[in-house]
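Please open the structure in a viewer and keep the selection panel at hand. The tour proceeds by selections, each followed by a note on what is found there.

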Amino acid sequence: LECVYTRINEALGEIPDPREVSIGTAIYAIKPGDGSAREQAASCQKVLGGWANIAVEYATQRYRTNLINWGIIPFIYKEKPVFKNDDFIFIPGIKNAITNGASMVKAYVINSDVKPINLYIQEMTLDERKILVAGCLINFYRE
């Protein structure tokens, strides 16, 4: 991860505090969430360290809700992907963006260089935002 932090520093002029950075996996798909395994897909992704989905669109509102309930951020990205397997995507201030209901966040794809991208978040209810910040629906109810 040292090389990732170095690239972030080169691009942004600062190194984020590692104690304030979460590391998780993300998947990209054109239109995920269709079929009989929607709930299983979200829960399995979370078990494998999933923190985000990046999609052109979601097949169903139910799948998007399942992602949120498992604490997985459902991003929208309609451009041609500039990221590939094993790239890092750094999203500074994501917790505040979700808490404040931001519809767009600036992110950075980190591989041999750093490319800024915009990730979009469809409108969420206050409870959906709280669930994501809590980490999942179970944590939300625990609080």
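The stops below pass from strands to aromatic rings, then to a pocket and to single residues.

**Conventions**

The model is predicted, so local features need pLDDT of at least 70 and side-chain atom pairs count only at pLDDT 80 or more, while totals for chains, interfaces and linings use all residues. Numbering starts from 1 along each chain as its sequence is written, and side-chain values use heavy atoms, with hydrogens and water left out.

**Stop 1: strands β2 and β3**

Select residues 50–55, strand β2, together with residues 73–76, strand β3. Helices (H or I, at least four residues) and strands (E, at least two) are DSSP runs, numbered from the N terminus. β2 and β3 run parallel and are joined by four bridges; two strands pair if DSSP finds at least two bridges between them. Ile54 has Phe75 as its bridge partner in β3.

Now show the side chains of β3. Ile73 and Phe75 point one way, Pro74 and Ile76 the other way, and all are buried. Buried means under 20% relative accessible area, exposed over 50%, and partly exposed in between, with a 1.4 Å probe and protein chains only.

**Stop 2: strands β4, β5 and β6**

Select residues 104–110, strand β5, where five of the seven residues are buried. Add β4, which pairs with β5 in the antiparallel sense over three bridges; Phe90 stands opposite Tyr108 in β5. Next add residues 114–121, strand β6, which is antiparallel to β5 and joined to it by seven bridges. The bridge partner of Tyr108 in β6 is Pro116. Between β5 and β6, the chain passes through a hairpin of three residues.

With Tyr108 still selected, add Ala11, which is found in helix α1. The C-alpha atoms of Ala11 and Tyr108 are 9.0 Å apart, although 97 residues separate them along the chain. Ala11 is partly exposed, at 42% relative accessibility.

**Stop 3: aromatic pairs**

How many aromatic pairs does a search of the whole structure find? There are four. Rings of Phe, Tyr and Trp (its six-membered ring) pair if their centres lie within 6.5 Å; planes under 30 degrees apart count as stacked, over 60 as edge-to-face and the rest as tilted.

Select Tyr28 and Phe83, an edge-to-face pair with 5.5 Å from centre to centre and 75 degrees between the planes. Tyr28 belongs to strand β1 (residues 25–29) and Phe83 to the loop between β3 and β4 (88–90), so the pair ties together parts 55 residues apart in sequence. Tyr28 is partly exposed at 30% relative accessible area, whereas Phe83 is buried at 14%. The rings of Tyr58 and Tyr63 have centres 6.2 Å apart and planes at 35 degrees, so this pair is tilted. Both Tyr58 and Tyr63 are buried. Return to Tyr28 and Phe83 and add Tyr77: ring pairs link these residues into a cluster.

Then select Lys46 and Trp51. Lys46 lies over the face of Trp51, 5.2 Å from the ring centre; a charge sits over a ring if NZ of Lys or CZ of Arg is within 6 Å of the ring centre and within 35 degrees of the ring normal.

**Stop 4: helix α3**

Select residues 61–69, helix α3, in which Tyr63, Arg64, Thr65, Asn66, Leu67 and Ile68 are buried. Gly71 follows α3 and has a positive phi, near 80 degrees.

**Stop 5: residues lining the largest pocket**

Which residues are the closest to the centre of the largest pocket? Of the 43 that line it, they are Ser22, Ile23, Gly24, Ile89 and Ile91. A pocket is an open set of points on a 1 Å grid over the protein atoms alone where a 1.4 Å probe fits, with protein on both sides within 12 Å along at least five of seven lines; lining residues have an atom within 4 Å of a point.

**Stop 6: two loop residues**

Select Asp86 in the loop between β3 and β4. Asp86 has a positive phi of about 75 degrees although it is not a glycine, and it is exposed, at 75% relative accessible area. Finish at Gly49, in the loop between α2 (38–47) and β2. Gly49 is partly exposed, at 27% relative accessibility.
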